[in-house]
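Here is a quick walk through a small fold for someone who would rather be at the bench. Have the viewer open and follow along.

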Amino acid sequence: MMIDDQCFVAQTADAKILLHVTNVCGECYRDLHEGEPIYYDLQEYRYLCEACAEGLSERMNEACEIEEEGGGLF
Ligand SMILES: [Zn+2]
């Protein structure tokens, strides 16, 4: 599964981010660790772990909007 780089900016967690921005995923709240890939969510302005970024990517349309279950155009 690809993570949409229009919606998420891939980064590597470093000490600066972990110390000054966040050290938990904005979605599942699990701890982020230095050196792991993290994704900045351009819609919600938060950092996500890889699993959450992938999960949200799957549910997003081209405009980076979350498609609600059961609704939408498809
Ligand atoms: Zn997460």
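What follows goes from the overall layout to the sheet, then the helix packed on it, the core and two odd backbone spots.

**Layout**

Keep in mind that this is a predicted model. The protein has 74 residues, and 18% of them count as buried. Its secondary structure adds up to two helices and three strands, and from the N terminus the order is β-α-β-β-α. Measure along the principal axes and the C-alpha trace spans about 40 × 20 × 20 Å. As for how the chain comes back to itself, take the contacts with a separation of 6 or more: 44% of them link residues 24 or more positions apart.

**The sheet**

How are the three strands arranged? They make an open sheet in the order 1-2-3, with antiparallel pairing. Strand 1 and strand 3 sit at the edges with a single partner strand each, so one side of each has no neighbour in the sheet. On average, neighbouring strands here are turned by 35° against each other, direction ignored. In general, strands of a sheet pair through backbone hydrogen bonds, either parallel or antiparallel.

Now for the two pairings. Strand 1 and strand 2 run antiparallel and are joined by five bridges. Strand 2 and strand 3 also pair in the antiparallel sense, over four bridges. If you want to find the register in the viewer, these residue pairs will help:

| Residue | Partner | Strand of the partner |
|---|---|---|
| A10 | Y39 | strand 2 |
| T12 | P37 | strand 2 |
| D41 | R46 | strand 3 |

Strand 2 and strand 3 form a hairpin with four residues between them.

**Helix 2 on the sheet**

Helix 2 lies across strand 1, strand 2 and strand 3, and runs at about 100° to strand 3. Which residues of helix 2 are buried? Look along residues 50–59 and you will find C52, A53 and L56 buried. These three cover an arc of only 100° around the axis, which puts them on the same side of helix 2. Flip to the other side and A51 and E58 are exposed. What covers the buried residues of helix 2 includes strand 1 (8–12), strand 2 (37–41) and strand 3 (46–49).

**The core**

The largest nonpolar core has 13 residues, and I38 and L48 touch the most other members. Strand 2, strand 3 and helix 2 each supply at least two residues of this core. As a rule of thumb, nonpolar side chains in soluble globular proteins tend to be buried together.

Click on L48 and look beyond its sequence neighbours, leaving out residues up to four places away. L48 then touches C25, G26, E27, I38, Y39, D41 and A53.

C49 is also worth a look, and it sits in strand 3. Is C49 buried or exposed? It is buried, because 23 other C-beta atoms lie within 10 Å and 20 or more is the cut-off for that label. Leaving out residues up to four places away in sequence, C49 touches C25, C28, R30, L32 and I38. Another long-range link involves V24, which is 25 residues from C49 along the chain, while their C-alpha atoms are separated by 8.2 Å.

**Two unusual phi angles**

Most residues other than glycine have a negative phi. Two residues in this model go the other way. Y45 is not a glycine, yet has a positive phi of about 55°. You will find Y45 in the loop between strand 2 and strand 3, that is, in the turn of the hairpin. Y45 is exposed, with 8 other C-beta atoms within 10 Å.

C64 is the other one: not a glycine either, and its positive phi is about 65°. Where does C64 sit? C64 belongs to the segment after helix 2. C64 is partly exposed, with 16 other C-beta atoms within 10 Å.

**To wrap up**

If you remember one picture, make it the open sheet with strand order 1-2-3 and helix 2 lying across its three strands. The side of helix 2 with C52, A53 and L56 is buried, while A51 and E58 on the other side are exposed.

Conventions
Residues are numbered from 1 along each chain as its sequence is written. This is a predicted model: local features need pLDDT of at least 70, side-chain atom pairs count only at pLDDT 80 or more; totals for chains, interfaces and linings use all residues. A residue is buried if 20 or more other C-beta atoms lie within 10 Å of its own, exposed if 12 or fewer, and partly exposed in between; C-beta atoms are placed from the backbone. Two residues are in contact if their C-beta atoms, placed from the backbone, lie within 7 Å. The arc is that of the directions from the helix axis to the C-beta atoms. Two strands pair if DSSP finds at least two bridges between them. Axes are lines fitted to C-alpha atoms, for helices over the stretch in contact, and angles run from 0 to 180 degrees between N-to-C directions. A nonpolar core is a set of buried Ala, Val, Leu, Ile, Met, Phe, Trp, Tyr and Cys residues joined through C-beta atoms within 7 Å.
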